[in-house]
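Student: I've got a model open and I'd like to talk it through with you. Can we start with one residue and work outwards?

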Amino acid sequence: MRQDKRNILVTRPLSAQQFEYARILGLEPIIEPALEFKFPDYWDDVLRVINEHLKSDWVFTSTNGVKALEELMNAGLRVRPEVQLFAVGAKTRDALQDLGLEAKIPRKQDGKHLAELIIEEGKINSVIYFHGNLSRDEMTNKLEDDGIEVIELEVYETIINPVKMPNKSVGGILFYSPSAVEGFAQGTGFEEELPPLFAIGPTTAGALKEHTDQHVEIAKQPDTEVLLRTTADYIFNKSESI
């Protein structure tokens, strides 16, 4: 464990395990969540849509969509064995596995490649897309361009919180989604020079590039531990080379 700790601003909560891993890497996370999530109190309308499209396969692009599915299962929804499940990446797939469900994921974990995976499956006429109010259209547009009907099912609401820099020296800022970038833009903003910026993936990096010309380091995989390792490598290698 490194003794010369560097503060980092993280725009989402970390688990106890992730927090400890950060400290092993020499990072001291300061948590300022950019987002909070609200789920419906009643699921009647959602269940009705699902029951009207029993032959459609299901698509998930976030663990929040899976949390909504868990709520639906608690409300009485049964997942029919013939339904195929698709997830954008390993974290979302793992969340489905925790519910006893298997899902296919693309080799490259983003919406574009998820759409390509669904198209390559063949014989898929429609999918139910479990998403939030701020979900992006990349995957949906690609599927619809290929003639696959997308039944969009909004199952949670993303609330953006303004994020401000702490009153401490910070060695890096970690972003997990375009919505988190928007939260930072509503808070401190991107007008002044900022500490090094780190993104969970290319979509989030693209959102950052819409606000700033600063360099953005991107995790090689959309995984928190990989992002933390990317951050530590960049911060300490840069400081040691000076």
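Student: Sure thing, so is D223 buried or exposed?
Tutor: Keep in mind that this is a predicted model. The cut-off for buried is under 20% relative accessible area. D223 has 18% relative accessibility, so D223 counts as buried.

Student: Which residue does D223 form a salt bridge with?
Tutor: Look for a side-chain nitrogen of Lys or Arg within 4 Å of a carboxyl oxygen. For D223, the closest N and O atoms of the pair are 3.3 Å apart, and the partner is K91.

Student: How many residues apart are D223 and K91?
Tutor: D223 sits in the loop between strand 10 (216-218) and helix 9 (224-241). K91 belongs to helix 4 (residues 90-98). The pair therefore links distant parts of the chain, and at 44% relative accessibility K91 counts as partly exposed. The separation is 132 residues.

Student: What is the N to O distance in the salt bridge of D94 and R93?
Tutor: Both partners are partly exposed: D94 has 32% relative accessibility, and R93 has a relative accessible area of 25%. Their side chains meet in a salt bridge, N to O, at 3.4 Å.

Student: And which residue does R80 form a salt bridge with?
Tutor: R80 is partly exposed, with a relative accessible area of 29%. The closest N and O atoms of the pair are 2.3 Å apart, and the partner is E82.

Student: Okay, on to the sheet. Which strands are the edge strands?
Tutor: The open sheet has 5 strands with mixed pairing, in the order 3-7-6-4-5. An edge strand pairs on one side only. That leaves strand 3 (35-38) and strand 5 (85-87).

Student: What is the bridge partner of F60 in strand 6?
Tutor: Strand 4 (residues 57-60) and strand 6 (residues 126-132) run parallel, joined by 4 bridges. In strand 6, the partner of F60 is F130.

Student: At what angle does helix 5 run to strand 5?
Tutor: Helix 5 (residues 111-121) lies across strand 4, strand 5 and strand 6. Its angle to strand 5 is about 155 degrees.

Student: Last one: why are the buried residues of helix 1 on the same side?
Tutor: In helix 1 (residues 16-24), the buried residues are Q18, Y21 and A22. They are on the same side of helix 1 because they cover an arc around the axis of only 100 degrees.

Notes
Residues are numbered from 1 along each chain as its sequence is written. This is a predicted model: local features need pLDDT of at least 70, side-chain atom pairs count only at pLDDT 80 or more; totals for chains, interfaces and linings use all residues. Side-chain values use heavy atoms; hydrogens and water are left out. Buried means under 20% relative accessible area, exposed over 50%, partly exposed in between (1.4 Å probe, protein chains only). Helices (H or I, at least four residues) and strands (E, at least two) are DSSP runs, numbered from the N terminus. The arc is that of the directions from the helix axis to the C-beta atoms. Two strands pair if DSSP finds at least two bridges between them. Contact means heavy atoms within 4.5 Å. Axes are lines fitted to C-alpha atoms, for helices over the stretch in contact, and angles run from 0 to 180 degrees between N-to-C directions.
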